[in-house]
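Biologist: I would like to go through this structure with you, beginning with the ligand and ending with individual residues. Please give the reasoning behind each reply.

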Amino acid sequence: MKMRVLITAGPTYEPLDPVRFIGNHSTGKMGYALAETFAAEGAEVVLISGPTNLPDPTSPTIRTVRVQTADEMYRAAAAEAAATDVWVFAAAVADYKPAHVAENKIKKAGDTLVLELVKNVDIAAELGKTKRPGQFSVGFALETENEQAHALGKLQRKNFDLVVLNSLRDAGAGFRHDTNKITLLEADGQVTIFDLKSKAEVARDIVRAVLARLPHPHA
Ligand code: CTP
């Protein structure tokens, strides 16, 4: 049986009105590199991608689903979750969305504008509640202080098996860089620190770590 992998990638865009949105600088590169690497290992991949400038991966075993908002990303991921063996939550999902989306372009008025935001669905945490034995969930954590403690807190809250910690303290790591420096943390307290590497090499390290931890060989 082929291993089936679900990956979320890129930012989400949360509309304010027909021409504006709240978003972030995620490029999607890490999630796309993971999709290519899992496919190269023989997996069937569903890549659920927020808006990025990257072309759809060309591998015939990667199906790309394009979404805009966190709600759309959640619906697309939830539709695939039960039928996939490995989940990788690499998307930088907007934590909040505008409480109201204006039907028409918001006109300039007054010196200040207050936006009301409401919490978005936590895709990883919601799907984590449905995880069955044998399914494996990987999350990302971007932290600036108490990094390992915060990353482990996310692992527990979102029912991850493995969390990839990106530290913003490391030069060259994170958004808008082609390199990343990661630490892998596991539920049993195991910690593995990697050097600064290209995102393609980081993807290989993550995929190898996942494959080594799966209950039985798949691909
Ligand atoms: N995540 C998600 N849905 C969200 C928010 C986060 O699926 N609405 C996933 C991310 O893809 C990542 C992990 O959860 O794998 C951690 O994301 P992060 O933004 O670091 O965590 P938050 O829960 O938003 O915590 P905080 O912003 O307080 O650090």
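The exchange below concerns a predicted model.

Biologist: How many residues surround the ligand?

Modeller: This is a predicted model, and its ligand has a shell of protein residues around it. The closest members of that shell are Phe-89, Ala-91, Val-121, Lys-154 and Lys-158. The residues that surround the ligand number 13.

Biologist: Which class of residue, nonpolar, polar or charged, has 8 members in the shell around the ligand?

Modeller: The shell around the ligand includes 4 charged residues and 1 polar residue. The class with 8 members is nonpolar.

Biologist: What is the distance between a polar backbone atom of Ala-124 and an oxygen atom of the ligand?

Modeller: Backbone atoms of several residues approach the ligand, among them a backbone N or O atom of Phe-89, which lies 2.6 Å from a ligand oxygen. A polar backbone atom of Val-121 is 2.8 Å from a nitrogen atom of the ligand. For Ala-124, the polar backbone atom and the ligand oxygen are separated by 2.9 Å.

Biologist: What percentage of the ligand's exposed area does the protein bury?

Modeller: The reference is the ligand taken alone, which exposes 580 Å². Of that area, the protein buries 75%.

Biologist: Where does the ligand sit, and which element gives the most to the shell around it?

Modeller: The ligand is placed in the largest pocket. Two elements give two or more residues to the shell, namely α3 (123-128) and β9 (136-143). The element that gives the most, with 3 residues, is β9.

Biologist: Is Asn-146 buried or exposed?

Modeller: Asn-146 lies in the loop between β9 and α4 (147-157). Its phi is near 45 degrees, a positive value in a residue that is not glycine. Most residues other than glycine have a negative phi. Because its relative accessible area is 52% and the limit is over 50%, Asn-146 is classed as exposed.

Biologist: What is the phi of Asn-159, approximately?

Modeller: Asn-159 is found in the loop between α4 and β10 (162-167). Its relative accessibility is 32%, so Asn-159 counts as partly exposed. Although Asn-159 is not a glycine, its phi is positive, at about 60 degrees.

Biologist: Which residue has its backbone nitrogen 2.7 Å from a polar atom of the Asp-85 side chain?

Modeller: Asp-85 is located in the loop between α2 and β6 (86-89). With a relative accessibility of 14%, Asp-85 counts as buried, because the limit is under 20%. The backbone nitrogen at 2.7 Å from its side chain belongs to Arg-4.

Biologist: Why does Glu-36 count as partly exposed, and how far is its C-alpha atom from that of Arg-204?

Modeller: Glu-36 is found in helix α1 (residues 29-40). It counts as partly exposed because its relative accessibility is 38%, between the limits of 20% and 50%. Glu-36 and Arg-204 are 168 residues apart along the chain, and their C-alpha atoms are separated by 9.6 Å.

Biologist: What is the C-alpha separation of Phe-38 and Ile-7?

Modeller: Phe-38 lies in helix α1. At 0% relative accessibility, Phe-38 counts as buried. Phe-38 and Ile-7 are 31 residues apart in sequence, and their C-alpha atoms are separated in space by 10.0 Å.

Biologist: How far apart are the C-alpha atoms of Ala-35 and Gly-23?

Modeller: Ala-35 has its place in helix α1. Ala-35 counts as buried, with a relative accessibility of 0%. Along the chain, Ala-35 and Gly-23 are 12 residues apart, while the distance between their C-alpha atoms is 23 Å.

Biologist: Is Met-73 buried or exposed?

Modeller: Met-73 is found in helix α2 (residues 70-81). Met-73 and Val-19 are 54 residues apart in sequence, and 20 Å separates their C-alpha atoms. Since its relative accessible area is 0%, and the limit is under 20%, Met-73 is classed as buried.

Methods:
Residues numbered from 1 in each chain as written. Predicted model: local features only at pLDDT ≥ 70, side-chain atom pairs only at ≥ 80, totals over all residues. Heavy atoms only, no water. Near = heavy atom within 4 Å. Polar contact = N/O pair within 3.5 Å; in protein donor to acceptor, adjacent residues only side chain to side chain. Areas by Shrake-Rupley, 256 points an atom, 1.4 Å probe, with all protein chains shown as cover. 1 Å grid on protein atoms, 1.4 Å probe; cavity = no way out; pocket = protein on both sides within 12 Å on 5 of 7 lines; lining within 4 Å. Sits in = over half its atoms within 2 Å of the grid points. Helix = DSSP H or I, 4+ residues; strand = E, 2+ residues; numbered from the N terminus. Nonpolar A, V, L, I, M, F, W, Y, C, P; charged D, E, K, R; others polar. Buried < 20%, exposed > 50% of the residue type's maximum accessible area, 1.4 Å probe, protein only.
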